[in-house]
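Trainee: I would like to go through this model step by step, from the whole chain down to its parts. Where should we begin?

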Amino acid sequence: MPYEVQGVIARGKGQEVSVETVIVPDPGPGEAVVSVQACGVCHTDLHYREGGISDDFPFLLGHEAAGVVEAVGEGVTEVEPGDFVILNWRAVCGQCRACLRGRPWYCFNTHNAAQKMTLSDGTELSPALGIGAFLGKTLVAAGQCTKVSADAPAEVAGLLGCGVMAGLGAALNTGDITRGDTVAVIGCGGVGDAAVLGASLAGASKIIAVDVDDRKLEWARDFGATDTVNSRANDPVEAIRDLTGGFGADVVIEAVGRPETYRQAFYARDLAGTVVLVGVPTPEMKLELPLLDVFGRGGSLKSSWYGDCLPSRDFPMLIDLFLQGRLPLDRFVTETIELGQVEEAFAKMHRGDVLRSVVIL
Ligand SMILES: NC(=O)c1ccc[n+]([C@@H]2O[C@H](COP(=O)([O-])OP(=O)(O)OC[C@H]3O[C@@H](n4cnc5c(N)ncnc54)[C@H](O)[C@@H]3O)[C@@H](O)[C@H]2O)c1
Ligand SMILES: [Zn+2]
Ligand SMILES: [Zn+2]
């Protein structure tokens with residue numbers, strides 16, 4: 001019997017989201033239905049609502065979630081009903097050219113559920129990042145469920161499903177930060193602060209947090225920033241160079257997703273340093289840089305999708321660090337809210353009042 005549950009729908013570009021009835025099919029072969037317990041509000045959900053990701057409205061929003069497996073379809077062996085899982089948007093295929101070369105975190109053919117969830121009139125929904133978890137129960141590919149210790153609260157665990165993993169991974173995996181490195185993070189929302197935390201975990205000697213909002217800079221300090229720069233008041237490139245002996249940082253992580261902040265990241269890094277772009281740009285954005293500077297300054301310019309994470313490797317490890325008191329993931333949860341408050345949460349995110357609002361289901 002299909003499930004009938006309430007979910008948060010974005011019907012059109014820039015329109016306010018609404019809570020509507022969603023029909024969730026029973027899991028087919030290779031699929032699972034997960035009873036969602038908590039789902040964080042990520043900036044990418046707002047990008048979807050604004051038509052910045054694609055035009056495939058209506059979207060079923062929500063993609064940073066944890067919950068309990070309710071039912072599995074034929075042939076599913078990875079998880080079983082009752083398992084506590086974090087939902088991931090990188091269920092690797094094992095067959096594509098990236099997977100076959102032993103780089104599954106780049107998998108080019110990740111799995112999502114084959115069946116569609118619909119509105120009650122049969123309209124097919126596009127789930128955000130192939131998940132759609134502002135929803136009582138959601139249908140995913142079984143590989144999108146990563147089992148972790150049930151001792152972690154769902155509102156904390158779910159955050160690893162997107163933004164916090166993206167930030168931690170931008171620092172640990174893509175940026176490959178190691179002890180003694182100098183690091184700057186531009187944009188200190190949930191993703192940027194997770195990058196600050198990742199840099200701290202990796203043993204960076206200096207972590208410079210840059211934002212336009214002083215409250216964000218305060219929070220960044222709590223996650224391990226050693227220095228802060230308000231880039232409304234100061235030129236961030238000069239400030240970062242001043243704080244690094246005039247050279248620039250070894251690794252600069254851009255967690256805003258705009259050409260001007262990317263340019264700052266490019267010039268605020270030391271020669272042969274690394275820029276990691278984790279902020280998501282919108283389709284009309286263009287970047288212009290002197291090619292001679294790209295060549296002459298050397299180093300690497302990388303982008304980081306989902307922190308180049310491998311959920312099966314990274315989620316259980318990070319949850320264990322949290323449970324041991326070594327990774328304060330709970331500090332990302334600014335507030336818990338209800339399903340009907342997602343639109344309010346977008347406004348709070350826009351004003352910078354929160355790191356993460358998490359919907360409890
Ligand atoms: N690459 C990925 O896999 C991935 C995953 C999740 C989110 N993201 C993206 O990461 C970005 C950040 O997400 P978030 O959830 O942390 O958003 P957020 O809105 O919570 O944080 C953005 C931060 O950037 C700051 N900011 C805005 N303009 C700035 C500027 N000019 N200079 C410095 N700081 C500025 C804001 O004050 C805010 O603190 C978004 O673009 C989001 O879509 C990427
Ligand atoms: Zn693959
Ligand atoms: Zn996200």
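Mentor: Begin with a definition: the radius of gyration is taken over C-alpha atoms, and the globule rule is 2.2 Å times the number of residues to the power 0.38. Keep in mind that this is a predicted model.

Trainee: What radius of gyration does the chain have, set against that of a compact globule?

Mentor: The chain has 361 residues, so the rule puts a compact globule near 21 Å. The C-alpha trace spans about 65 × 40 × 40 Å along its principal axes. The radius of gyration of the chain agrees with the rule, at 20 Å.

Trainee: What percentage of the residues in the chain is buried?

Mentor: The chain has 11 helices and 18 strands. Among contacts between residues at least 6 apart in sequence, 71% join residues at least 24 apart. Of the 361 residues, the buried share is 52%.

Trainee: How many residues does each domain give to the contact between domain 1 and domain 2?

Mentor: The division is into domain 1, residues 3-161 + 328-360, and domain 2, residues 168-305. Their C-alpha centres are 28 Å apart. The contact takes 9 residues from domain 1 and, from domain 2, 10 residues.

Trainee: Which element gives the largest share of the side of domain 1 that touches domain 2?

Mentor: The residues on that side of domain 1 divide into 2 nonpolar, 5 polar and 2 charged. The largest share is 3 residues, and these come from helix α1, residues 43-49.

Trainee: Where does ligand 1 lie with respect to domain 1 and domain 2?

Mentor: The shell around ligand 1 divides into 15 nonpolar, 14 polar and 3 charged residues. At least two residues of this shell come from each of α1, α4 (163-174), α5 (190-202) and β12 (206-211). Both domain 1 and domain 2 give residues to the shell, so ligand 1 lies between them.

Trainee: Which residues come nearest to ligand 1?

Mentor: There are 32 residues around ligand 1. Those that come nearest are His43, Ala166, Gly187, Gly189 and Gly257.

Trainee: What covers the buried residues of α8?

Mentor: Helix α8 runs over residues 259-267, and its buried residues are Thr261, Tyr262, Gln264, Ala265 and Phe266. A residue counts as buried if 20 or more other C-beta atoms lie within 10 Å of its own. The cover over these residues of α8 includes β11 (182-186), α7 (236-243), β14 (249-254) and β15 (269-277).

Technical notes: Residues numbered from 1 in each chain as written. Chains lettered and ligands numbered in written order. Predicted model: local features only at pLDDT ≥ 70, side-chain atom pairs only at ≥ 80, totals over all residues. Domains from an automatic or database assignment. Contact = placed C-beta atoms within 7 Å. Helix = DSSP H or I, 4+ residues; strand = E, 2+ residues; numbered from the N terminus. Nonpolar A, V, L, I, M, F, W, Y, C, P; charged D, E, K, R; others polar. Near = placed C-beta within 6 Å. Buried ≥ 20, exposed ≤ 12 C-beta atoms within 10 Å, placed from the backbone.
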